[in-house]
Every structure is written in C-alpha cells, then in structure tokens.
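Visitor: Could you take me on a close look at a single part of this model, and then show me how that part sits among its surroundings? I would enjoy one connected account.

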Amino acid sequence: MEKGNLMKNLTKLLAVSTVLGAVAAPQAAAADVAPAALIIAQGGLGDGSWNDTAYAGFKAGLEKTGVEGRPIESKDVVAQGEEIMRRAADGGFGLVVSLEWIHGEPMQKIAPDYPDTNFVIMNQTREGDNLASVVFAEHQGSYLAGALAAQVTTDTSIEGINADPVIGVIGGVKSPGIDKFIVGYIQGAKAVNPDIDVKVAYAESFGDPAKGEQLAKAMFAEGADIVYQVAGGTGIGIIEAAKAEGRYAIGVDTDQDSMAPGHVLTSMVKRVDVAVEKILEDYAGGAFPGGQVLTFGLKENGVALSDMEHTKDRIPAAYLAKVEELKAGIVDGSVEVWDVTEKGYPDFYN
Amino acid sequence: MRLGARDVAKSYGAVQANSGITLEVAPAEIHAIVGENGAGKSTLMRLLQGLEQPDAGSIVFNDRPIRLRDPEQALGLGIGMVHQEFMLAPELTLLENFVLGHEPVTAALPLGRRIDWRAARAAGDALAAKTDLAIDWDRRAGTAPVHIQQYTEILRLLQRGMKVLILDEPTAVLAPQQADDLFMLLRQLRDQGTSIVFISHKLREVIALADRVTIMRRGRVVSSSRIGETDIDTMTRHIVGEAASVAPPAAAVRAAAGEPVLEVSGLSAPALAGSHPVRAVDLRVRAGEIVGMAGIAGNGQDEFIECVVGLRKPSSGTVRLKGHALAGCDNADFRAAGLGYISPDRAHEGLAKAASIEDNVMAASQRAPAFRRGPFRRLGAVRAEAFRRLSQLKVRFGRLSDPVASLSGGNQQRLVFAREIATEPALLVVAQPTRGVDLGGIAAIHAILREFAARGGAVLLVSEELDELIALSDRIVVMAEGGIVGEIADETATPEAIGRLMLQQDSHKEAANG
Amino acid sequence: MAEATTEPGSGRPSLVPALERMAADILRFALPVLFAFFVGAVVLAFIGENPLDTYALMLSEGFGSSRRVAATLSAATPLLFTAVATAICFRSGVFNVGVDGAFVLGGLAAAAAGALLPVALGWSIAPLAMVAAMAVAGVWLYVPGLLLARLDVDEVVSTLMLNFIALGLSGFLVNTLLLSETSGNNTTDTIHAVAELSRLMPPSTLHSGFLIGLACVAAYWVWARWTPAGYEAKLVGLNQRFARAVGIAIPASIVLVMAISGIVAGLGGASHALGQVHKFSDGFSAGYGFTGMAVALLARNSAFGIVFGAVLFGALASAGTTIQLFSDVPLDIVNVIEGTVMIFAVMELGRLSLRRGRAS
C-alpha cells in the first residue's frame, strides 16, 4: 500500500521534473527499464579521480543503453547512505550503484526489502540476490607498473634515471586495501629483477600533499628514481616531487600522466568507468549479475597501465613488450599475482 | 592667539559638558587647564582636536574661527595631542613608531618606493639633538621606559610640524625626576615657539611650569589668570567651588557608631595602569558609621576598593569583615561575610546592561536557600523577591523581563542599591553612587544611604563629589598617591580643607601627622 | 576619563509586550532563512531551474511523507547535540569551536566500546559506550576550558586546533589500533548488534538517538533556566565584570560549560556511532560541529530555536540530496542556502565577538 503511494508520488515528481525540462528525452530501448542512480562517494564530483571516472562510465552507459539515470551527491554521504538508497528504491529506481565504500553494509541490509531494485557496491564483496559486488584486481595492474619500473630504473640512457636498482612506493595508510597495490607492485618488480630494492613508506594520510612530497624527496635522495603513489590526494605531492627533482612518479586510479608531463612514468588506471558502464549494459539488457562478485582485472580491461602519452617515446620498446608479455601471462592464468585482501601477507612483504 | 575657543558649548544628552567656554592659548605659551573630574576638560580637548564638534560657539586657530571636522584636519593644522595612554605600537621599534604614518620614502618612482630608514633616523636624531634627548631608536616601544615612550610620542608630533601640543596629565605616569626632565623639554619647546596645553591635577606642577592657568568647574571656565597673579589657595577654591550650599549632616538620626565592621590594616596593592599603587592603608569602619573617602581619581582609590570587596588580591596587609580575615578571598567570600558593593562603574560592573531587570536585581542571590528547591531555582520565589526589592526602593520599571538598560540612570542605580541592600549586609562599600544620576535621584540615593547607616549598617563611601562626602560622612579620609594623607572630622570638613589635602602634596605630611 | 556620560534610556519604562518580543525572536530566526532561500532562488533561476518547482520538490522530499520526515529527523539528530554543545558555550561568551572534534572522538570511543566490549554484556554495552564517549569528549573540551579559565589561552585557537588533532588522532586510530581486520578501508569493526540503538520508524534510519538529542535540548533548557549554575553562566556571558562583582566564580563557570559541551558533543558522537553508522569511519562527522554552530547562532542559543534549526538543516541535508533523484538541481544549491544562512548567523557571531572585545 505504502509502495503504491510512493509510486504515485514518483509519477508526480517525475512530472515536475519533466516540466522543469530536466529529464533527457528517453530513448525507445529503455522505455520499460527503470532509471539508475549513481551515489557519489566522499570527495564528490570534480575530484578528478574515482568519482569523476565512474560518472564518465555512467554517462557513457546511459547514452549507450538509453536508460535514464542521475548522480546523487550528499554532504553527509557516510551517514545518509541508507536513506539515500532507500529513497532511490522507493522512488522507483531499478539500479542503485554506490561508489561509497561505507555503503556496503547498509546496502546488504536493505537489498532484500527491495527485490525490484538492483544494487551495486564497489571494492568489497557483499551478498544478496539483487546485489552485485565489483572488485578490481589492482594487484594485477600494480604488478605491471612494478615490472615496468624495475626495467626502467637501471637504464641510465633515460633522462633522470640512475644506475641503482632502487624504486619506491608510497601508500596512504597501512591497510590491506593499500597493501594489495604495494605487494603487487613489489612482485612485478621482482619478476623482472629479483635483486631490486623496493622502498616502501606510508604517509598516514590520503590528503597531505606536503607529506607526500617530503617522503618522495627522501626516497629520491636514497637512490630511487621512480616512486609509485598509492595515496590519493597525498600523491599529488609525490608527483610534484618527481617534477621538481627531475625523476618519475607512477600515478594511480586515474590517468595522472598529464599532471606533470614527462615525469609521470605511467599510471595504474582503475577502470571504474568500464565497470559501471558494463553493469549498466547488463542491467539494461535484463541480465543484471545479481548475487555475483564481478572482478575487473587485466582480462576485463578493468585495470590497466595508462597510454603513457608523454613518456612512451623514452621507454625502449623491449620493456613495453615485456610488460605486454607479463600481462598476457596474467590474463591466461600462467602468472598469478598475490592478492593481500584474499590471501593475507606474502613472505616477501611483512 | 594661537589656539582657543569662543563661547563653546557641548552637551551629551541631558549633560551639559561644556558651556560658554572661552579659552585663549598664546603662541609660545604653556597653558595649564585644571579642574575636577567631570569639570569638562576632556570634552574641551576633544573639541580642540576635532574629535567632536561644538553645539555652539567656535574653535579659534591663529585668530581665525575654524571648524574642525576630524583629528586629521587638526593634525594638518599643527594641533597634536599626547594622550594619557600612549598611541605607540608596542611591537614596533621607537624609530618605526616615530615615522609611522608619515614615513620618508626613497626615490620618486611609484614602484621603487621604499621607506628611507636612513632619512628617518637622521630626522629622529636631529630632532632629539635639538631637544637634548638621547633615544635608542631600535628599542621596541613596548619595552621602552614610559618616559621614553612619551618623548617618542612628543617627537613624533614635532616631526609632523605641530604648533600646538596638548598633553593630558603627562606626569601621571612619571617619576618625579622624569617629570622634571619633561618640564625642561616642554620649556625648551615653548622657547622654540610651540604652544603647549597641559591638563593636570597637580597644582604644584602648574605653578612650576605654566605661564597661564585656566580653571574649569562643572563645564564652565571659572578663572583664567597668569601664574604670577594667582596662588594655590585661590586655585583650590576655584577648583572645588566656594564652600556653598552644603546641607548640614543629619547627625541626629544616626545611631552611635558601634562595633568595628571593616578593619583594614597595612593594605598594599599594585597599581592599575596610570594610577598609584596602594601603600599601607589602615582604615576602620564601625557599624552605623559612614566613612567618606576623598581623592583625585587615580590616586589608588579604585585599587583599594577592589581589595576591600574581593575583586583584587592585595600584595600585603589584612582585611577583616566582622572579624573574618578575608584578604585575598573572592568577592563571593566577602559577600558571604556581609558585604554589599555599589560599583563606581555602573554601566559595566554594577549592572549587566544586556540582562533583564529581574536578572540584575537578583544576581548574587541565586544560591540562597530561599530561592532554591534541591538543585533547581524557585523561579516564582525569585520573581516575588525581585518585585519586593524593586518596590521597596521605589524603582520605576515596566516589566521584570525588560532589559535593565530601559531604566533611567537614577532608576538603574536604585536597582543596584535594591540588590545590594536586600541581603542586609553589614558593610556597604559605595563608590561614586550618584555619578550620572539626576538631582532627584541623588537625593533618593542619599536618603537610602543615611537610612542604611541609621539601621546600624557600616558604609565606606568613595566619591569625587566633595559636597556629597561632606553631606553624608561622619568622617572623611583623604587618599593621595596611594596612601591616606589625612582625616577630617565631619564638623570641620569644608571643600577647601579637603581640597587642600587632595591637591597639595606639600601639606600632606603634616595633615597625616595631625 | 569620560567626563560626560550619556545614559541610554531616559526613565521611559519599556512597554514592549512579551508577545511582541517573541515575534521579534521568530523574525530573527526566519529572516536569515527566508533571505537564504531567496538567494537560492536567484541562483536556481540563473542556472535555468524553476525555483518554485524546486522548492516544492524540496518541501516534499523534506516533509512530504512520514518516511521523508523520518529521514529529515534522522539527518537532524547529530545537529541537536552539536547545537546544544555549542549554545551552552556561546551563551557564556565562550567561543568554543571544538564541538566537531569532541563529537568525532566521542563517536570513536563509542564505536570502539560497542565493538570491543564483550558481547556477553548485552544491553548494557550501549550505555557503557555512551559513558565512554561522554568521558572522552568531556575531558577533551575540559582541557581548553581550563586553559582559558586559568591561563587565559584563547579558546578559539585552542579548540580549533583541537579539532585537527581529533581528526588526526581518530584517523590514526582507525588505521592502526582500531582498524577492522575484515576491511580494506579506514573503519573500525561494526558494533555488536545488541549495542545498536533501536530504530523509531523502521525502515527509516531514524533511531532513538533522536530522542536522546531531544532530551539533551530539554535538559539544556532546564539547566539554563532552572539552575543557579545556568543562571550564573548566562551572567558570565552577558558581562564578565558584572558577574565577578556579584560573586560568581568565572573560571569555574567557564570550565563547567566547556566540560558540559564536551559531554553533550560526545553523547552526540555516541548516538551517531551506535544509532546511525554502527561503526567509526573516515567522514564520520560531516562537519556536524560547524553546522551545529550555525544552528546555535541562528537559534540565538534558545532551546526551542535549536530544535527548529536542527530540523531545518536536517531537511536541507536530506531533501537536498534526494531531490537530485528527481531533478537536475545539484547539491550546490543546498550549499548556497546553508552558506547564506551561515553568513547571517555569523553576523550574530560578530556581535558576540564585539562583546568579547569589550569584556577584555
């Protein structure tokens, strides 16, 4: 009964929206598919990273499928998650994707109340018939970044590179989610050069560029010439340091190569846009992967190294070929990359 | 005439601060202006500086009437003032202060302009040499001795080409030797052509320094004469007024003085800014007795009072209230022992202007058992008591919840008395009780005090109104430079006698011995 | 030495009736809000949205059904606590801006207790967690209170800095000692189910912390009006010299209001941890301490005003988010409205600091 009321409300509200001219003309294909909502995580739209990338995939998916959809931002996204998701489901939305990590638990809790709505959570595994979990094989992408860095770091023919087999990585905080990147990176580096020294540091913050710059400069002073940043906003300082010292940083999550052209060797790109777009397509096609954990790895093009627009010309083709070879090995299963979040810590790290 | 005033009048609301003032300061003259607090000196100075404009009459400069819009204009004409509180930035050096606001700059190019410190220092040194002063220009103003700060202030004005310097009680903060040095400087400046107007309470200084003295009383000029044509007694008489309409004290209705209620001995306390430290004061007030305390403002009375009501910790000495030793205790302890206190600063200490009438009249009683039930206040009882207190002293008010600022000055002061007397204290310390109160209000407040004493209460009354002290007090002690310099019994009290003690430091020793 | 003092008021007893004054109070509350909505409307029109339709949608999303009312009250809940915690200090002229930090630490303490206390303690975990939160946050603000009262350390600076320390400390703890082992992210473990505060209108997240918040507002009202300490704190806020001269121990009063402020903020954090988030994580407080400050200023420290202000800001938060489901109005419009209300509230704050200036 309540639901009927709400549906009536929704119709009314949609009518209002239409009057506002706010609703894009729906395409024929999606006439019978309920709209989709994308809940933006802490940091909001305009973060130039996670949220913006996901939103790009969301928009692409909407365009491709003709499904109607909207992004939802909240100043209080941590506490309001459950209310927002319920409101969306009550409001007749058929797909609710949350980019906010903390929403996993409430999503799992409310999903059974809304069998007609599909839910998607990122970076964690939750259960429910109408709930899909998306995880990224960041360890695989980091492995390739490590393999590339380990080759480049001893090639003094490349500008800014010394002969020492030393590279670095800086994490935001010490946690399994971050160490998943770091361990993959170390493993990839050691795969091409078992004697390599990988320096590891944690900034204890995801929002402290000054600290990142300071840590990166310390690593450069110790002989490292390439530092992988796994530290969100702190990483901006790491890239700044690479630029200032004439060395290299490796970007993370999004393509950060252009933040300091020529000083970002590559970026380990997490293709949340690919994931969101894929889910939208499945949903529009009536094949929502409810109850499943979708792993977006190298194989699914869910993680990747960037196109290296500014550095490609400096890197010998053989190195890139080696990276491609390792990637093929991971895709076909012959190379296995250690996942800290699944298997705990390996012997070679802690 | 270099600077002056012609028939100037200025009022603030109902208070006529200046009326019919005529003043003439000649070129190269040191002109003293003296008068009690409230005589209108400060108002006149504000007019001369352009801080305010007269309601009637005009300011005269170089024999021409002018209209001063603001202090900048006065400065531009060459009229500068050295305030009691120096206007130096304590964090800057003396040199930086010296040039502040009119810094010499290098080059004429707008972009390359910098402060020319070399020129600044040269100017400072030249001026200092001309006035026989030695100043360490690199010292931070905040750490420099007061007289050096004062010199800096004077030099800064001279550098800006002042033709008239106004000094407000310049010796208040100086030691005697420093004061003598200042006088030498001022005489030298006069001889170089500067006119100097200085405000003082100290008649000896006036005699020693000034060429001419103008005496003000109650907003008017009482006299203006060359120094050679007057003397201290005449000046004193002009300052305090003729021994005129003093109502005879109503001694008959007073109870005979009883047990000592307040006993102060050897009380000393550090000074507030621009005042005198309290030094070894002994004082005793008995039940049923009103003891008056006279003195020029800033001679330690404020500090003494604060020690006696628990708002300031004395550095030594004892205060006993009904036998309880209380020196150093809080106001709450004094109140518990039987103190009522009428603050001299009604607007900021006697009342909470933003609070309601009820809150003001019931403050200090919030923890009394009569107004509490368990942890809670009995709001009904509080309201009833507020009504009782206000009606007992015939305070006219609208509602208890109205802000206290809605009352007239006289009613506000009655409210304060209503609060302080309601608890039936043994001792009432009363300071400046009729300041800003109209005539009717004054009579009512005097009646309240007489009645309180008649019921056996002890009163310590501090007032700058000599008439009031004489009218109310059984005896009057005079405070000067932080100590009690004399005591005058009721029968012999005349304004002249008190004024002599207040103003003439020469005679205070014999008076204190007498 | 002021020789002539003008006396404001001239024996004219005030005839403004109580009703009129109440109307004035309501107007002082409503004017900033109305003006803020007007500014919001201008912005909406500028970006090509119809303001009336948008506000109609906001009204319906904020209060249109029992569920939406519940969502609004749920969003208002933390603000009840932070607004009371702020008001109690502002009322005493103590400019405490450290409520957010106290809220965060209280939340962390409650979440840690709710997760780490043995589950066998059963229903008593929740009250124990609240006591822990109140103790931690109370001490947290007691310290700057003491510094202010005894050493005259400026409370604005000290409490503002303590906010950063609280954020850093909680961030450190949830990444180290209290980090959930089952999580790849910066959160504590989820609290025991038995420690969760019950929901008032399931499935809404509105929980019994709302009632605790209302109780805090009521207790604040009673304290302010009916206790000697509350009366004394008011006089301290109105005029310190006066308060001292009528025997009030100002240092004690300042320390008391700061400690109470901490306790209330801590209880708010506990309510949020036990009732809403069920854990502590990064982003635990969406600046509730600062929104609470705006509520307190808007309410002019009155208990009733705080309830209205908290509901208003709660509605803005909840409706401002969910209107995005049904329109193209961005969240920014809510920020514009909140910001404008804040500016007006800060004008009150300007008066407060003027008073501080005079008092010193």
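Guide: Happy to. One cut-off helps at the start: a residue counts as buried under 20% relative accessible area, as exposed over 50%, and as partly exposed in between. Please keep in mind that this is a predicted model. Let us look at chain C, beginning with Val153(C), in the loop between α5 (125-151) and α6 (155-175) of that chain. Its relative accessible area is 30%, so Val153(C) is partly exposed. Val153(C) also belongs to a nonpolar surface patch of about 560 Å². Its partners there are Val139(C), Tyr142(C), Val143(C), Leu146(C), Leu147(C) and Leu151(C).

For a contrast, turn to Thr86(C), which lies in helix α3 (residues 66-90) of chain C. Thr86(C) has a relative accessible area of 0%, and is therefore buried. Which residues surround this threonine? Leaving aside neighbours within four places in sequence, Thr86(C) is in contact with Asn96(C) and Val99(C), and also with Gly289(C), Gly292(C), Met293(C) and Ala296(C).

Helix α3 leads us on to the interface with chain A. There, 46 residues of chain C are in contact with 40 residues of chain A. Between them, the two chains bury about 3700 Å², with 54% of that on carbon and sulfur atoms. On the side of chain C, the residues that lose the most area to chain A are Arg67(C), Leu325(C) and Phe326(C), which together account for 19% of what that side buries.

The polar side of this interface deserves a look too. Between chain C and chain A there are 18 residue pairs in polar contact, counting pairs with both residues at pLDDT 80 or more. The rule finds six salt bridges across the interface. One of them joins the side chains of Glu61(C) and Arg87(A), at 2.7 Å from N to O. As for the helices involved, α2 (51-63), α3, α10 (250-277), α12 (303-326) and α13 (332-359) of chain C each supply at least two residues of the side that touches chain A. The largest share of that side comes from α12(C), with seven residues.

Finally, let us step back to the chains as a whole. Two pairs of chains are in contact, and of these, chains B and C share the most contacts. Chain A and chain B, by comparison, have no contact joining them: their closest C-alpha atoms lie 32 Å apart.

Conventions. Residues numbered from 1 in each chain as written. Chains lettered and ligands numbered in written order. Predicted model: local features only at pLDDT ≥ 70, side-chain atom pairs only at ≥ 80, totals over all residues. Heavy atoms only, no water. Patch = residues over 30% accessible without salt bridge, like charges linked within 9 Å, V, L, I, M, F, W, Y side chains within 5 Å. Areas by Shrake-Rupley, 256 points an atom, 1.4 Å probe, with all protein chains shown as cover. Salt bridge = Lys/Arg side-chain N within 4 Å of Asp/Glu carboxyl O. Helix = DSSP H or I, 4+ residues; strand = E, 2+ residues; numbered from the N terminus. Buried < 20%, exposed > 50% of the residue type's maximum accessible area, 1.4 Å probe, protein only. Contact = heavy atoms within 4.5 Å. Buried area = accessible area lost by both parts, 1.4 Å probe. Polar contact = N/O pair within 3.5 Å; in protein donor to acceptor, adjacent residues only side chain to side chain.
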